[in-house]
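Thanks, everyone, for making the time this morning. I would like to walk you through one structure, beginning with how its chains meet and then turning to a sheet.

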Amino acid sequence: MSTPEDRLAEVRGSAPEKRPTVSVLRAATAHSDCPFAMVALASRTDLDKLCQGTYFEVSFGQDPQAFQRGEMFERRVKDMNYAALIQMLRYDAGFPLTSVRIEDLRSRTPPNMEGLKQRAAETRRLLRLIARKAPEAPNIIDGAVLTCMIAGRVAYFEADSLAAAAAARGRGEVVPDDRRAVRQR
Amino acid sequence: MLSDAAGLAEQAADALRRGDVEASSRLQREAESAWWRARRLGQRQAKRPARVRAPSARERTVAALTELAVPSSPKQIAAYAEARTGDAFDVRALASVRRDELRSWSSGSKRDTYIVPALEGPWFQAGRGRLALSHWPLRQRIVGPLSPRVDHLHTCLQIIERIESADADRESGGRMRALLAEYARSIPGALVDAWTSGDDLEVSRIRTAVAAELVLIERDDASSREREAERAARRLTPEQLVWGGSMPQVVAGRSG
């Protein structure tokens with residue numbers, strides 16, 4: 001019996017493959033009523049490359065300098081033990097002075113698929129602590145990984161960071177920041 | 001050379017005691033010649049400026065971590081080392097230092113201290129982000145949720161101490177003040193305004209602000225580190241206590 005992965009690979013056939021990014025997923029949710037787009041997304045078919053040489057070929061791409069600027073911004077925000085990030089959360093999101101519990105998942109896991117799974121499991125555990133308002137719950141999760149199912153497969157959303165603090169009414173407030181990469185298993 | 005001269009002088013005295021005046025005179029001349037050579041060499045070396053070997057990246061890292069006394073990122077170590085001496089510190093050198101330390105440990109050679117990763121998370125994994133020294137107590141090498149901020153504040157206090165120390169010259173004091181301004185920027189009330197630079201910061205004001213923030217979180221961090229150190233001592237092997245444990249493999253994923 002063939003697995004969902006095998007069947008989706010059959011659908012894709014020889015078409016070029018592309019792993020969806022968060023912005024692609026976000027765009028896809030706007031027209032989730034289009035079965036063709038949904039099948040292309042689930043089977044990781046790169047529709048841009050598929051259209052090469054045709055009337056529908058796209059003549060644009062993402063600016064690599066924009067990526068570099070983004071990465072530099074990320075580094076600067078997390079420099080010196082997340083000093084700038086803590087400052088921003090205090091001034092702009094009203095985080096109290098004691099809300100500086102940081103869990104750096106990126107630092108302690110290998111930068112590969114296994115590390116991604118470990119980070120997803122750890123993020124789930126930490127989010128449970130936040131939801132339960134446990135005293136040891138973190139306020140900042142660096143390199144959090146969230147998961148969801150797409151076409152029967154687990155997709156991993158990598159967040160640059162995820163911040164949470166006790167809100168005025170005592171409920172945990174979670175602010176994911178720039179969910180960047182998505183990988184599907 | 002001086003011991004040669006002394007030996008010859010002794011032989012000359014023996015020869016004289018035996019009544020061999022000729023041999024005694026010859027040995028006496030040789031002894032005097034050896035003594036003059038030794039004296040000239042000493043004078044030459046005194047005139048020549050001492051050749052000081054530049055400390056290696058490893059030595060500078062150990063020195064910086066010893067003073068900071070908290071797990072620190074390579075970038076923080078480099079910034080502190082540069083501010084202390086004024087010499088550039090290439091942070092890329094730390095990548096090879098890190099590999100060499102583990103290799104040296106594995107080969108069984110003995111060093112006074114090793115540059116090791118800080119231990120992070122519930123499984124005490126080797127963190128890629130922060131370095132520590134192997135001889136530090138376990139609780140000092142463990143990074144808990146509050147530790148990055150507490151360590152940041154302690155680093156501020158260490159920099160203040162360097163600025164106020166008697167051996168801080170004008171140049172290194174200036175560099176340290178610039179570094180302190182960067183560190184203090186995120187501490188409420190530490191700087192007069194966001195544009196305060198190293199030249200016009202008030203050290204006493206920063207110390208007060210650091211203490212005010214530390215009092216809120218330091219005790220929690222210390223007890224958490226202590227607790228985790230006891231747990232680590234129970235569950236890790238001697239090697240893992242230095243180089244970190246491993247996280248269990250995830251056997252089944254789940255969405256949510």
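Before I describe the interface, let me fix the term: two residues are in contact here if their C-beta atoms, placed from the backbone, lie within 7 Å. Please also keep in mind throughout that what you see is a predicted model.

With that definition, the contact draws 31 residues from chain A and 28 residues from chain B. On the side of chain A that touches chain B, at least two residues each come from helix 5 (64–93), strand 1 (102–104), helix 6 (105–108), helix 7 (113–131) and strand 3 (145–150) of chain A. The most is given by helix 5 of chain A, which supplies eight residues to that side. If we sort the side of chain A that touches chain B by class, we find 14 nonpolar, seven polar and 10 charged residues.

Let me now move to chain B and its sheet. This is an open sheet of three strands in the order 2-1-3, and its pairing is mixed. Strand 2 and strand 3 of chain B are the edge strands, each pairing on one side only.

How, then, does strand 1 of chain B pair with strand 2 of chain B? The two run antiparallel, and five bridges join strand 1 to strand 2, the latter spanning residues 125–133. Going through some of the partners, Val116(B) stands opposite Ala132(B), Pro117(B) has Leu131(B) as its bridge partner, and Leu119(B) is bridged to Ala126(B). Strands 1 and 2 of chain B form a hairpin with four residues between them, and in the turn Gly121(B) has a positive phi of about 80 degrees.

On the other pairing, strand 1 of chain B meets strand 3, residues 142–143 of chain B, in the parallel sense over two bridges. Here Leu119(B) appears again, now standing opposite Ile142(B) in strand 3 of chain B, while in strand 2 of chain B its bridge partner is Ala126(B).

Finally, a word on burial. Strand 1 of chain B, residues 115–120, is mostly covered, with six of its six residues buried. Strand 2 of chain B is largely enclosed by the rest of the structure, because seven of its nine residues are buried.

I am happy to go back to any of these points in the discussion.

How values were computed: Residues numbered from 1 in each chain as written. Chains lettered and ligands numbered in written order. Predicted model: local features only at pLDDT ≥ 70, side-chain atom pairs only at ≥ 80, totals over all residues. Buried ≥ 20, exposed ≤ 12 C-beta atoms within 10 Å, placed from the backbone. Pairing = 2+ DSSP bridges. Nonpolar A, V, L, I, M, F, W, Y, C, P; charged D, E, K, R; others polar.
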